[in-house]
Amino acid sequence: MKQLKPLIFGLLLVITCAFNAHKFYIGVFQIDYFKEKKSIQITTRLFIDDFEKVLYKKYNKHFYITTKDEVADANFYVAKYLQEKLKIKVNNKNHPIEFLLKEQEDNVLICYLKIKFSEKIKTIEITNNVLTEEFNEQQNLVHLNINGNKKTLLFTNDNNIQKSNY
């Protein structure tokens, strides 16, 4: 039994190190259409350290997002980045995405965005390149709830534009 304990400990150590050595890159986006609110609401969930790294590389500036040291113009750059990398075309027309606010939950940055829209949605085309310029393995899951229809789309570096019909 004494010889078995070090073997089990060693095996657990190897397994733990193997899982910690490989990081996964995933973002989750929720897109909901609320006709009564005349808006498409978007919630993004991204690992904050990955987002900080991309912002630093793009703008050559540390933002310290959601910390006491956050720079004054952090929201401007977060909004600018998301508006550049996430495009939504509704009924074959581009619509501006408005940044509302951000918050942190554990190691995840949650951003709230919206598009003013009051017509019936017939088609929605999404371009999602969020974090893909830095992380080739980045995958972005987009959950759609449009006109009562729920659908999930997977975006990758090679598959960054998708369209759904309603």
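**Salt bridges in the predicted model**

K58, E84, K85 and E133 hang together in a network of salt bridges, a salt bridge being a side-chain nitrogen of Lys or Arg within 4 Å of a carboxyl oxygen of Asp or Glu. Counted that way, the total is twelve salt bridges. This is a predicted model, so local features need pLDDT of at least 70 and side-chain atom pairs count only at pLDDT 80 or more, while totals for chains, interfaces and linings use all residues. Residues are numbered from 1 along each chain as its sequence is written, and side-chain values use heavy atoms, with hydrogens and water left out.

K23 turns up in a salt bridge with D49, with 2.8 Å between the closest N and O atoms. D49 sits in helix 2 (residues 48-59) and K23 in the loop between helix 1 (4-21) and strand 1 (26-34), so this pair ties together parts 26 residues apart in sequence. Helices (H or I, at least four residues) and strands (E, at least two) are DSSP runs, numbered from the N terminus. K23 also meets the side chain of D50 in a salt bridge, again at 2.8 Å, N to O. That pair links the same loop to helix 2 across 27 residues.

As for accessibility, buried means under 20% relative accessible area, exposed over 50%, and partly exposed in between (1.4 Å probe, protein chains only). D50 is buried at 3%, whereas D49 is partly exposed at 42% and K23 is partly exposed at 34%.

Elsewhere, E105 and R45 form a salt bridge, their closest N and O atoms 3.5 Å apart. E105 belongs to strand 5 (residues 98-105) and R45 to strand 2 (residues 39-47), so the pair ties together parts 60 residues apart in sequence.
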